[in-house]
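Student: I am new to this structure and should be grateful for a close look at a single part of it. Please choose one part, set it in its wider context, and explain each term as you use it.

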Amino acid sequence: MINLVWLIPVLPLAGFLINGLFRNSLSKGMTSVVGCGVLLASFILSLLIFGEVRQEGFHAVTVTLFDFISVDKLHIPFAFQVDQLSILFLLIITGVGFLIHLYSTAYMHDEAAPHFARYFSYLNLFVFSMLLLVLGANFVILFIGWEGVGLCSYLLIGYWFKNIEYGNAAKKAFIMNRIGDLGFLIAIFWMISQFGSVTFTEVFSGAKGASVGVITGITLLLFVGATGKSAQIPLYTWLPDAMAGPTPVSALIHAATMVTAGIYMIARSNALYSLAPVSQTVVAVIGLATALFAATIALKQNDIKKVLAYSTVSQLGYMFLGLGVGAYTGAVFHVMTHAFFKALLFLGAGSVIHAMGGEQDIRKMGGLRKALPVTSITFFIGCVAIAGIPPFSGFFSKDEILAAAYARSPVYYVIGLFTAMLTAFYMFRLFATTFSGSFRGTHEQEHHLHESPSAMTIPLIVLAILAAVAGFLGIPEALLPNAHVLSHFLSPVLSGEGGEHAAVEMSRGTELGLMALSAGLALIVSFLAWSRFKSKPELAEPSGVGKVLANKWYVDELYNAVIVRPLYGLAKFCTWLEKWIIDGAVNGVGRLVQYGGRQLRLLQSGQVGGYVLLMVIGILALFLVELFVKK
Amino acid sequence: MPINYYIFLALALFCIGVAGVLTRRNAIIIFMCVELMLNAVNLLLVAFSKMHQHALALANPQAGIDGQLFVFFIMVVAAAEVSVGLAIIVMMYRNTHSIDVNFLNRLKH
């Protein structure tokens, strides 16, 4: 069965080719069947393989397909690695991906058939790249997938390419990702020169003998790649803009899967990070800073998708905090629960936008609970889950990270907890403003309000169930010994030293106390936000600090002034240089020759006497040269 | 006679030839001036040949003979040139009813 693992990415690739090549002749129904069918098949295959991986005593299997690059002593096989970590990601990607494909069939139904097929082909290509990313047995295959998902993200953000702003958002995402990718690429080259290999197992075993400085350098460069892909400070600004794409795309790419690629990569290289304490600290601090920073921005956003986008950035920051303090299992756990509840929230938001006829401003919504019962209930479950209220999934994964953070340093814990409170606050602000109170949109919109079709509500319900119960996969030791199924499952892969042990060393009492504290605070803050915004939402333009937050701390403006403008200036200077100096030289040579030719042409008078005179002068000149100049 | 005399004579003939080619417009006269230049060179060749023969006669009786041989070649070539050149001039006269070379400026087009 495991030898068939190559089918998992190949099926979406086939879907991409079919939908992409025959987009002008396929009907929408056929496109949907192909697009969703390949994903479902991949999901079933993943489940079957999961059945094998789950068994006790399973060892990681590498399936080599062919030799990809072979130069001198460097061999990079095109190989897939099946182990506990990759199968978990496979299940998340194909499972959540299938639900989102299904949802898209209804959400994108207004598109013309060729564009509909284009959308699905991009989506399938994305899933293919993402599967390649998590299945690759070495950093190069991972990088191929890494670039592939970046490309698909670009294509899908700019799906409505006729809108200039959407196109700009797509370019921003692509360029920001490229900056990170450069770090990743350098890290790969460094690995090749240091270890002579990029295969995970060989790099990790080689790393034990390498100096700490080298490992720190490589891990920091890898982290630069991760900050780009996973939207961390300072490269996070592309993710909120990426909301220009269709909402299911935001759910799949910019919440559930692609942005977790950085987490996956660092979790995969946990053996490297465990050897470089400096890098771990950097990861934790950047993650924590991003979590807090994005959460403050989310407090004042009024675009339903922007709130979710900043909450995604914030949750990703959490995951990096988990990675940085050594709670690799916690981070992967949070990836999983986050995939469920954030996909749910985005799809719920999509359902709301669909009902509102494209309106995204929550100030113009309100009271949608009556019109959209399924959406509002599932959205509520998503909010509860992300806010960290037990027994929903977000509580368990967030708590595991917070506990590990506490073990590393109480400062991490306090900031993390504060961020968790902010999260609860803005999520319930969003929920209350959108779903309760009275409707504030136009009369026409009110008339148009309707619950979404079942192709959209079924994914919502499935994800809501998952978001509610997924937390039980990782019940902390303190509550119920030996009930952390996920940790047990992942232990062969994530055996990083440090954090995990530290978390265990904490006394049971402390851990329970921390848990109660975070759960209690989340509940109180959620209730506060709910009661404050349910009847009188925040409609006025913010002022003071709120204005700074609403304008995202002016980071985009800062980047514009510090990086974009000077680059434009440089580009203008280069244009000038190119136009006047380089073109001037090239054209000048041409013009000189033309001018010289025009002048010399006059010598051709046709007068034989003139020619003879010139000939004699020439001979005389040669004669004089021979006589006086030579020697 | 000292060799200088021959050199000066040849130089004078050559310069007359050059001046004639440059200044005259009659094709026949230009032609004669070209012949004059050729013969100036011939004269010089013969003069140097004779000088070398004198100087080297004891060591090598054949010395300097090649200069005089060259002269014959030049005369043969000149004769051939005359036949071609005169033919051109005749054709030119038939076309333009003139042997003024300034009429031949149509080459530039």
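Tutor: The domain bounds used here come from an automatic or database domain assignment. For chain A, that assignment gives domain 1 (276–472 + 482–542) and domain 2 (579–629). The C-alpha centres of these two domains of chain A lie 81 Å apart.

This is a predicted model, in which local features need pLDDT of at least 70 and side-chain atom pairs count only at pLDDT 80 or more, while totals for chains, interfaces and linings use all residues. Residues are numbered from 1 along each chain as its sequence is written, and chains are lettered from A and ligands numbered from 1 in the order in which they are written.

The setting comes first. Helices (H or I, at least four residues) and strands (E, at least two) are DSSP runs, numbered from the N terminus. Chain A has 27 helices and two strands, and its C-alpha atoms fill a box of roughly 115 × 65 × 55 Å along the principal axes. A residue is called buried if 20 or more other C-beta atoms lie within 10 Å of its own, exposed if 12 or fewer do, and partly exposed in between, with the C-beta atoms placed from the backbone. By this criterion, 51% of the 631 residues in chain A are buried. Two residues are in contact if their C-beta atoms, placed from the backbone, lie within 7 Å. Of the contacts in chain A between residues at least 6 apart in sequence, 82% join residues at least 24 apart.

The part chosen for the close look is helix H10 of chain A, residues 247–256. Ten of its ten residues are buried, so H10(A) is largely enclosed by the rest of the structure. In order, these residues are Thr247(A), Pro248(A), Val249(A), Ser250(A), Ala251(A), Leu252(A), Ile253(A), His254(A), Ala255(A) and Ala256(A). They pack against several helices of chain A, namely H3 (84–107), H4 (113–135), H5 (139–157), H9, H14 (304–324) and H15 (328–355).

One of these neighbours, H14(A), may be followed in detail. Two packed helices are described by the angle between their axes and the distance between the axes. The axes are lines fitted to C-alpha atoms, for helices over the stretch in contact, and the angles run from 0 to 180 degrees between N-to-C directions. The axes of H10(A) and H14(A) come within 11 Å and cross at roughly 5°. That makes H10(A) roughly parallel to H14(A); angles under 35 degrees count as roughly parallel, over 145 as roughly antiparallel, 65 to 115 as roughly perpendicular and the rest as oblique. At this meeting, Thr247(A), Ser250(A), His254(A) and Ala255(A) of H10(A) face Lys305(A), Ala309(A) and Thr312(A) of H14(A) in contact.

Residues of H10(A) also touch a member of the nonpolar core. Such a core is a set of buried Ala, Val, Leu, Ile, Met, Phe, Trp, Tyr and Cys residues joined through C-beta atoms within 7 Å. The largest one has 205 residues, of which Ala343(A) and Ala467(A) touch the most other members. Leaving aside residues up to four places away in sequence, Ala343(A) touches Val96(A), Ile100(A), Ala251(A), Ala255(A), Ala256(A) and Leu463(A). A second, separate core has seven residues, including Val18(B), Val21(B), Ile30(B) and Val101(B).

H9, one of the packing partners of H10(A), is preceded by a loop with two features of its own. Most residues other than glycine have a negative phi, and most peptide bonds are trans. In the loop between helix H8 and H9 of chain A lies Ala231(A), whose phi is near 55°, a positive value in a residue other than glycine. Ala231(A) is buried, with 31 other C-beta atoms within 10 Å. Pro234(A) is placed in that loop too, between H8 (212–229) and H9 (238–241), and the peptide bond leading to Pro234(A) from Ile233(A) is cis, with omega near 5°.

A counterpart for each feature may be found elsewhere in chain A. Trp553(A), in the loop between helix H25 (545–550) and helix H26 (555–601), has a positive phi of about 60° although it is not a glycine. With 14 C-beta neighbours inside 10 Å, Trp553(A) counts as partly exposed. The peptide bond from Pro390(A) to Pro391(A) is cis, with omega near 5°, and Pro391(A) lies in the loop between helix H17 (373–387) and helix H18 (393–408).
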